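Trainee: I have a structure open and I would like to learn to read it. Can we go through it together?
Mentor: Yes. Ask one thing at a time.

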Amino acid sequence: TVTSIGNGAFSECSSLAQIEIPSSIISIENDTFKNCSSLKQIIIPSSVKSIGKNAFYDSSLLSKIIIPFSLTSIEEGVFSKCDYVKSITIPSTIISIGKKAFFHCSDLKKINIPSSITSIEEGVFSGCYNLKRFTIPLSVTSIEEGAFSICSELERITIPSSVTSIKKNAFSYCKSLKQIT
């Protein structure tokens, strides 16, 4: 029985359009589906406990991502450049989201961050052009460098009093930003 999909196992498979990962899989390693430019949908079973860095990087047509409750972290760059994703719900089991996890998800309009997150990491939402509003949970204490840079349609951001550190360029080039509460 296969329990892990190794580093780069299906990277650069440009005709791969859909994946149904079997329930025997507990680990998806780094770069596994990187640059699968035709991939539109991925169903990640609840058996998956870890997804490695850049696992779905530049799977640009990916439009539907369902993150299972079995995950506790979203690693660096996992969904970077997944241009057609419009909304993502991150389960309450997630305690960390890595750098640039959702970098340049240009169609992303809605994302909910659970109260288990304490830091908005470097570049995590940078280049999410269509993100218009964002509420940072009370659990967050820091917003790292470039976290929301180049979110050109971001109009409103709610930053709670729990945030004690906002790093450089956190909101740079947010040209539509009208309200910070």
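**Reading the model**

Mentor: Start with Ser27, and keep in mind that this is a predicted model. Ser27 is found in strand S3, residues 27-28.

Trainee: Is Ser27 buried or exposed?
Mentor: Check its relative accessibility, which is 11%. The limit for buried is under 20%. Ser27 therefore counts as buried.

Trainee: Which residue has a side chain joined to that of Ser27 by a polar contact?
Mentor: Set the plain touches apart. Leaving out residues up to four places away in sequence, Ser27 touches Thr3, Ser4, Ile5 and Ser50. The polar contact is 2.5 Å, and the partner is Glu29.

Trainee: How many helices and strands are in the protein chain?
Mentor: Scan the chain for both kinds of element. The count is zero helices and 16 strands.
The radius of gyration is 16 Å, close to the 16 Å that the globule rule gives for 181 residues, so the chain is as compact as a globular protein of that length.
The C-alpha atoms fill a box of roughly 50 × 30 × 20 Å along the principal axes. To come back to your question: zero helices and 16 strands.

Trainee: What percentage of the contacts between residues at least 6 apart in sequence join residues at least 24 apart?
Mentor: Take the contacts in the protein chain between residues at least 6 apart in sequence. Then pick out those joining residues at least 24 apart. Their share is 22%.

Trainee: Which residues have the most contacts inside the largest nonpolar core?
Mentor: Nonpolar side chains in soluble globular proteins tend to be buried together. Here, buried residues make up 46% of the 181 residues. The largest nonpolar core has 53 residues. Those with the most contacts inside it are Phe56, Phe102 and Phe148.

Trainee: Which serine does Phe56 touch?
Mentor: Leave out residues up to four places away in sequence. Among the residues that Phe56 touches are Phe33, Leu39, Ile42, Val78 and Phe79. Its list also includes a serine, Ser80.

Trainee: Is Ser80 buried or exposed?
Mentor: Ser80 lies in the loop between strand S7 (73-74) and strand S8 (87-89). Its touches include Phe56, Tyr57, Asp58 and Phe102. Its relative accessibility is 2%, so Ser80 counts as buried.

Trainee: How many aromatic pairs does the structure hold?
Mentor: The structure holds nine aromatic pairs. One of them is Phe79 with Phe102, stacked at 5.8 Å centre to centre and 15° between the planes. That pair links distant parts of the chain, 23 residues apart: Phe79 in the loop between S7 and S8, Phe102 in the loop between strand S9 (96-97) and strand S10 (110-112). The total, again, is nine.

Trainee: Why is the pair of Phe102 and Phe125 stacked?
Mentor: The ring centres are 5.8 Å apart. Planes under 30 degrees apart count as stacked. The planes of Phe102 and Phe125 are at 5°, so the pair is stacked.

Trainee: Where is Phe125?
Mentor: Phe102 and Phe125 are 23 residues apart, and their pair links distant parts of the chain. Phe102 is buried at 0% relative accessible area, and Phe125 is buried at 1%. Phe125 is in the loop between strand S11 (119-120) and strand S12 (133-135).

Trainee: Which residues form one aromatic cluster?
Mentor: Phe79, Phe102 and Phe125 belong to it. The full cluster is Phe10, Phe33, Phe56, Phe79, Phe102, Phe125, Phe134, Phe148 and Phe171.

Trainee: Which ring does the charged end of Lys100 sit over?
Mentor: Lysines pair with rings here too. Lys34 lies over the face of Tyr57, at 5.3 Å from the ring centre. The charged end of Lys100 is 5.5 Å from the centre of its ring, that of Phe103.

Trainee: What is phi of Ile150 near?
Mentor: Most residues other than glycine have a negative phi. Asp58, in the loop between strand S5 (50-51) and strand S6 (64-66), has a positive phi near 60°. Ile150 lies in the loop between strand S13 (142-143) and strand S14 (156-158). Its phi is also positive, near 60°.

Trainee: Is Ile150 buried or partly exposed?
Mentor: Ile150 touches residues including Ser126, Gly127 and Tyr173. Its relative accessible area is 38%. Buried would need under 20%. Ile150 is therefore partly exposed.

Key: Residues numbered from 1 in each chain as written. Predicted model: local features only at pLDDT ≥ 70, side-chain atom pairs only at ≥ 80, totals over all residues. Heavy atoms only, no water. Core = buried A, V, L, I, M, F, W, Y, C linked by side-chain atoms within 4.5 Å. Buried < 20%, exposed > 50% of the residue type's maximum accessible area, 1.4 Å probe, protein only. Contact = heavy atoms within 4.5 Å. Helix = DSSP H or I, 4+ residues; strand = E, 2+ residues; numbered from the N terminus. Polar contact = N/O pair within 3.5 Å; in protein donor to acceptor, adjacent residues only side chain to side chain. Phe/Tyr/Trp six-rings, centres within 6.5 Å; stacked < 30°, edge-to-face > 60°. Lys NZ or Arg CZ within 6 Å of the ring centre and 35° of its normal. Rg over C-alpha atoms; globule rule 2.2 N^0.38 Å.
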